Amino acid sequence: MAALDRILASNAQWAADVAKHESMFFKQSAQGQTPHTLWIGCADSRVPESVVTGSKPGDIFVHRNIANQFHVDDGNALAVLRYAVEHLNVEHVVVVGHTSCGGAGACLAAAQSPTFSSNGPIATIPTLPADADLNKWLDPLTRLAASLKLAPDQGDAVNILVEANVKKQVDNLAKTEIMRNAWAKGQKLSVHGWVYELGTGLLKDLNVSRA
């Protein structure tokens, strides 16, 4: 329980510090949210969006999952997108991958395996059945990795896949009925693709924005 005790103690200290320096912050926060951005990122613990962007609670609406994917048939992701676009009126949707992504690494390894086959479901994590939840989630990314035909000895292969994945998710978002309807109505809304570099702490814009 020591780790959880530290979290609770740190939270109490944070709340006290915020209240001391911005006495109205929590009262205003309780009245509602007006985030400017929807962040679709990886669940990796090293990429906390508010921390790496120096943002305050209320600035960024967040959806995170394994390998920052946006599956067009994922009801959870679509619900988040719809709420962000149609109810919160965010102006930006940003897909953010990161270097040395474990999910991307697993998909690349599976795609480069001598036994890999794209015919039928793919067991990206070989210790799990192909229809396990994690393997079903990683299936599209493993297929993307296979399509890139990266050499096994290519040192930057994982990060090439990371960038390709971000670009693919930007494409997926742009094709949704939610985004197309918003653009048709003239709503101020854009989609962007970024990569967070773990070794530097910097965000890299892949220049694939749609508006």
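Lys and Arg count here as positive and Asp and Glu as negative, with His and the chain ends not counted. The place of a charge is NZ of Lys, CZ of Arg, CG of Asp or CD of Glu. This is a predicted model, in which local features need pLDDT of at least 70, side-chain atom pairs count only at pLDDT 80 or more, and totals for chains, interfaces and linings use all residues. Residues are numbered from 1 along each chain as its sequence is written, and side-chain values use heavy atoms, with hydrogens and water left out.

**Exercise 1. Charge and surface**

Task: State how many positive and negative side chains the chain has, and how far apart the centres of the two sets lie.

Solution.
- Count the charges: there are 18 positive and 20 negative side chains.
- Compare the centres: the two sets are centred 4 Å apart.
- Turn to the surface: the chain exposes about 11,600 Å², an area that comes from the Shrake-Rupley method with a 1.4 Å probe.
- Split that surface by atom: carbon and sulfur supply 55% of it.

**Exercise 2. Overall architecture**

Task: Give the secondary structure, the span and the domains of the chain.

Solution.
- Count the elements: eight helices and five strands. Helices (H or I, at least four residues) and strands (E, at least two) are DSSP runs, numbered from the N terminus.
- Read them in order: α-α-β-α-β-α-β-α-α-α-α-β-β.
- Take the span: the C-alpha trace covers about 60 × 50 × 30 Å along its principal axes.
- Find the domains: domain 1 is 1–32 and domain 2 is 34–205. Such bounds come from an automatic or database domain assignment.
- Separate them: the C-alpha centres of domain 1 and domain 2 lie 30 Å apart.
- Check burial: 37% of the 211 residues are buried. Buried means under 20% relative accessible area, exposed over 50%, and partly exposed in between (1.4 Å probe, protein chains only).
- Check contacts (heavy atoms within 4.5 Å): among those between residues at least 6 apart in sequence, 62% join residues at least 24 apart.

**Exercise 3. An aromatic cluster**

Task: Which residues do ring pairs link into a cluster?

Solution.
- Start with the total: the structure holds three aromatic pairs. Rings of Phe, Tyr and Trp (its six-membered ring) pair if their centres lie within 6.5 Å; planes under 30 degrees apart count as stacked, over 60 as edge-to-face and the rest as tilted.
- Take one pair: Trp 14 and Phe 26 are edge-to-face, 5.5 Å centre to centre with 80° between the planes.
- Place its members: Trp 14 sits in helix H1 (residues 2–21) and Phe 26 in helix H2 (residues 25–29), 12 residues apart.
- Add another pair: Phe 25 and Phe 26 are also edge-to-face, at 5.3 Å centre to centre and 85° between the planes.
- Join them: Trp 14, Phe 25 and Phe 26 form the cluster.
- Assess exposure: Trp 14 is partly exposed at 39%, and Phe 26 is partly exposed at 33%. Phe 25 counts as buried, at 12%.

**Exercise 4. His 98 and a contact partner**

Task: Is His 98 buried or exposed, and what is it in contact with?

Solution.
- Locate His 98: strand S3 (residues 92–98).
- Read the accessibility: His 98 has a relative accessible area of 1%, so it is buried.
- List contacts, leaving aside neighbours within four places in sequence: Cys 42, Asp 44, Arg 46, Val 47, Asn 68, Val 162, Val 195, Tyr 196 and Leu 198.
- Follow Asn 68: this residue lies in the loop between strand S2 (60–65) and helix H4 (75–87).
- Inspect the backbone: Asn 68 is not a glycine, yet has a positive phi of about 40°.
- Check cover: Asn 68 is buried, at 2% relative accessibility.

**Exercise 5. Helix H6 and the loop after it**

Task: Where are Asp 139, Ser 147 and Lys 149, and what is the accessibility of Asp 139, Ser 147 and Lys 149?

Solution.
- Asp 139 belongs to helix H6 (residues 133–148). At 14%, Asp 139 counts as buried.
- Beyond its neighbours within four places in sequence, Asp 139 is in contact with Pro 121 and Ile 122.
- Ser 147 also belongs to helix H6. Ser 147 is partly exposed, at 48%.
- Lys 149 lies in the loop between H6 and helix H7 (157–174). Lys 149 is exposed, at 72%.
- Lys 149 has a positive phi, near 50°, in a residue other than glycine.
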